[in-house]
Amino acid sequence: MKAADAIVKCLQKENVEVVFGYPGGAVLPLYDALRNNGMVRHILVRHEQAAVHSASGYARTTGSVGVAIGTSGPGATNLITGIATAYMDSIPLVIITGQVRTDLMGRDVFQEVDITGATEPFIKHSYLVRNAQQLPRIMKEAFHIASTGRPGPVLIDIPVDIQNTRIEFNQPDELQIRGYKPTFEGHVGQIKRALRKLRHSKKPLICVGGGILHAKATKELAGFALKARIPVVHTLMGIGAMGVDHPYYFGMIGSHGFAHANRGVGQADLLVVIGARVADRATAGSGIFAKNAEIIHIDIDPAEIGKNLGTLIPVVGDAKHILQQLSDGIEPLETEEWVAELASIRDRVHTEIHNKPGFVNPKQVLRDLGEVVDDQAVVTADVGQNQLWAARNFPMQGDRKLLMSGGLGTMGYSLPAAVGAKVAAPDRQVVAIVGDGGFQMSMFELGTIAQNRLAIVILLFNNSRLGMVRELQDRGYGETFGIDITDGNPDFIALVQAYGFQGVQVTNTKDFSASMRVALESGKPYLVECIVDAKESTL
Amino acid sequence: MDRHVISVLVENHSGVLSRISGLFSRRGYNIDSLSVGETEDASISRMTIVVRGDSYILEQIKKQLNKLVDVIKIVSLAPEASVYRELVLVKVEAGEKTRASITGIVNIFRANIIDVSPSTLTVEITGDQSKLQAFIELMQPYGIKELVRTGLTALQRGDQQISQVGQ
């Protein structure tokens, strides 16, 4: 068969139902194979960056590998921000790019770019296929590498002549990748040491990150915290690792987290970090993070242990597995006093919400959104104030998901990620939270939403500002000057109407819930534009 | 900062060297030298990398290298348990008056003269870094016209092989 057909066959073997992509000269054999096969749905995005973000939203909603396709040259370079975004947040993706003919490579021909070289700093692994016969094995390896260990994006760059080569379809049953053997089970001795430390701790605290979600370990985390009676805080990427209604849930840490959660970390005598790299935003940039605590660090990626935090007991392995082992080995700890101490901190510091006439208070709106959507809702957020308003105020419970770009902080993520989520789960409510800045960075995806009739509700917070940057400018550099988009904003309602969507503008907090319900029940793409005071703060 | 010699087994195909050198540059690790070549197994190359850094940096380097799918194995080669060698070629000015004394030094160091011209000698010398340094300093007064070095390469002492060493 043709190598291009083999690619599609491999996609089917990996149970890929949907790919997000944009065609071009160097991937036409693959597109022809997709068309002939007809079993793999192709979602045409309007920009390659969105293909990767959509694949990311798809992967995070289904828990499987997302697939994005782009052509050579500019198609490939447009994928880059999406790839870096996925890499920073450990999202399992396979990205397929077309490449110019092998005999032309290296000559700077039309639409040639070294995409394996360009993506090398922020990709889990990449392949430049020079031998068509190896394609089936490479495809299998790529899916395996993307989805196991610490997940991440894997790129396969395939020259157009390779796609057209006839091959024998041979795929090994067992993969032998001698340089890739992620540790899955936690070391028994280390787990015993961790348990011993836990037993002697007076003020233990668990701090979780996105690793809990990747390991599908939310149940094990909830069970362990409940059995051992240990409070849990989380990083931004750890949102959703534990429901806010869990008795031991204690909130989000970090520079944009909650003061009570940060103080809890400061007072703990033992911190169990699970699936978090605990970078600068989580430690609020302070050198005194967990200053009173000894640290047990559990991560599937050994390179994260000891990188940002000095660690007493490292445990390398899968969070789900290790949490189960810890759960089996622990007896309930006497933490009543400690839990009461934390509760008293939480009660002292809480955020007041003020309503201003003519404006919607985004913090209240996001709490209200929690009442309106169901427990299966997938919410995406962009970057900036809208993201942190959502992170701090949208209540995570049930099977809700909140997807955003945590590590790279990529504006324009929300809308295409929502596309991926809705394609993955047409029956779930999908709400894309955006600011007026980030919305305009991915606005072209309205076309994808329209074409595929995706009933996504876009929740736009319009403060006519690049709000978070403006806030930093005002505080750090004085209020004399800021880059604003005040006069450049379009009429957003008219804009979505041009794509055939409905839209409503909300200027009063108390009107929000009713408008949101109408939008969700319409079963169609819908814009809910909330007018927000430009002075509204992030925290 | 301490000097460390690490030996890395990698897949022998294109792009691997750039992945490894890219990792060092973007994470700000200092490389003194890097030498690479095929091993007894043609599908595997072995790199000898000399780096500077404290124990934190060394641990990070090893862990980050290990994350690369093309990296098969990494070991640190401690000076007391390893043999280090480097090869240097020196083209030194050598007229009729100085040729004999240069040849004398070359013999003492068990180096080899591998090329001669009316005005120069090209010397090949192998050894550990202190020997090479001493030789280069002795050549300097004659006038070194060109010098090239391979970078350090190393193996564990005794019968131990890299494939048998725990990481």
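Two strands count as paired if DSSP finds at least two bridges between them. The exercises below apply this to a predicted model.

**Exercise 1. Decide whether β10 and β11 of chain A are paired or unpaired, and give their relative direction.**

Solution.
- Step 1: Locate the strands. In chain A, β10 spans residues 270-274 and β11 spans residues 294-299.
- Step 2: Count the bridges. There are 5 between these two strands, and the criterion asks for at least two.
- Step 3: Read the direction. β10 and β11 of chain A run parallel.
- Step 4: Check one position. Opposite Leu270(A), in β11(A), stands Glu294(A).

**Exercise 2. Place these strands in their sheet in chain A, and explain why β9 and β12 each have a side without a neighbour.**

Solution.
- Step 1: Write down the order. The open sheet has 6 strands, arranged β9-β8-β7-β10-β11-β12, with parallel pairing.
- Step 2: Look at the ends. β9 (249-252) and β12 (313-316) of chain A are edge strands with a single partner strand each, so one side of each has no neighbour in the sheet.
- Step 3: Add the twist. On average, and with direction ignored, neighbouring strands of this sheet are turned by 20 degrees against each other.
- Step 4: Add the helices. Helix α8 (residues 188-200) of chain A lies across β7 (204-208), β10, β11 and β12, and runs at about 135 degrees to β12(A). Helix α13 (residues 336-348) of chain A also packs on the sheet, where it touches β7 and β9; the angle between the directions of α13(A) and β9(A) is about 45 degrees.

**Exercise 3. Describe the sheet of 4 strands in chain B and the packing of α1(B) on it.**

Solution.
- Step 1: Start from the whole chain. Chain B has 4 helices and 9 strands, and from the N terminus on its elements follow the pattern β-α-β-β-α-β-β-α-β-β-α-β-β.
- Step 2: Order the strands. This open sheet reads β2-β3-β1-β4, and the pairing is antiparallel.
- Step 3: Identify the edges. β2 (30-38) and β4 of chain B have a single partner strand each, so one side of each is left without a neighbour in the sheet.
- Step 4: Add the twist. Neighbouring strands are turned by 20 degrees against each other on average, direction ignored.
- Step 5: Examine one pair. Strand β1 (residues 3-11) and strand β3 (residues 44-52) of chain B are joined by 9 bridges and run antiparallel. Within this pair, Val5(B) has Val50(B) as its bridge partner in β3(B).
- Step 6: Place the helix. α1(B) packs on the sheet and touches β1, β2, β3 and β4 of chain B, with its direction at about 15 degrees to that of β3(B).

**Exercise 4. Characterise the interface between chain B and chain A by residues, area and polar pairs.**

Solution.
- Step 1: Count residues. Chain B contributes 22 residues to the contact and chain A contributes 19 residues.
- Step 2: State the area. About 1,500 Å² is buried between the chains, and carbon and sulfur atoms give 41% of this area. In chain B the most area is lost by Arg19(B), Lys67(B) and Val69(B), which together make up 41% of what that side buries.
- Step 3: List the polar terms. The chains share 4 salt bridges and 8 residue pairs in polar contact. One salt bridge is between the side chains of Glu120(A) and Arg26(B), at 2.9 Å, N to O.
- Step 4: Assign the chain B side to elements. α1 (16-26), α2 (55-67) and β4 (71-76) of chain B supply at least two residues each, and α2(B) gives the largest share, 7 residues.
- Step 5: Classify that side. Its residues comprise 7 nonpolar, 7 polar and 8 charged.

Methods. Residues numbered from 1 in each chain as written. Chains lettered and ligands numbered in written order. Predicted model: local features only at pLDDT ≥ 70, side-chain atom pairs only at ≥ 80, totals over all residues. Heavy atoms only, no water. Contact = heavy atoms within 4.5 Å. Buried area = accessible area lost by both parts, 1.4 Å probe. Polar contact = N/O pair within 3.5 Å; in protein donor to acceptor, adjacent residues only side chain to side chain. Nonpolar A, V, L, I, M, F, W, Y, C, P; charged D, E, K, R; others polar. Axes fitted to C-alpha atoms, helices over the stretch in contact; angles between N-to-C directions.
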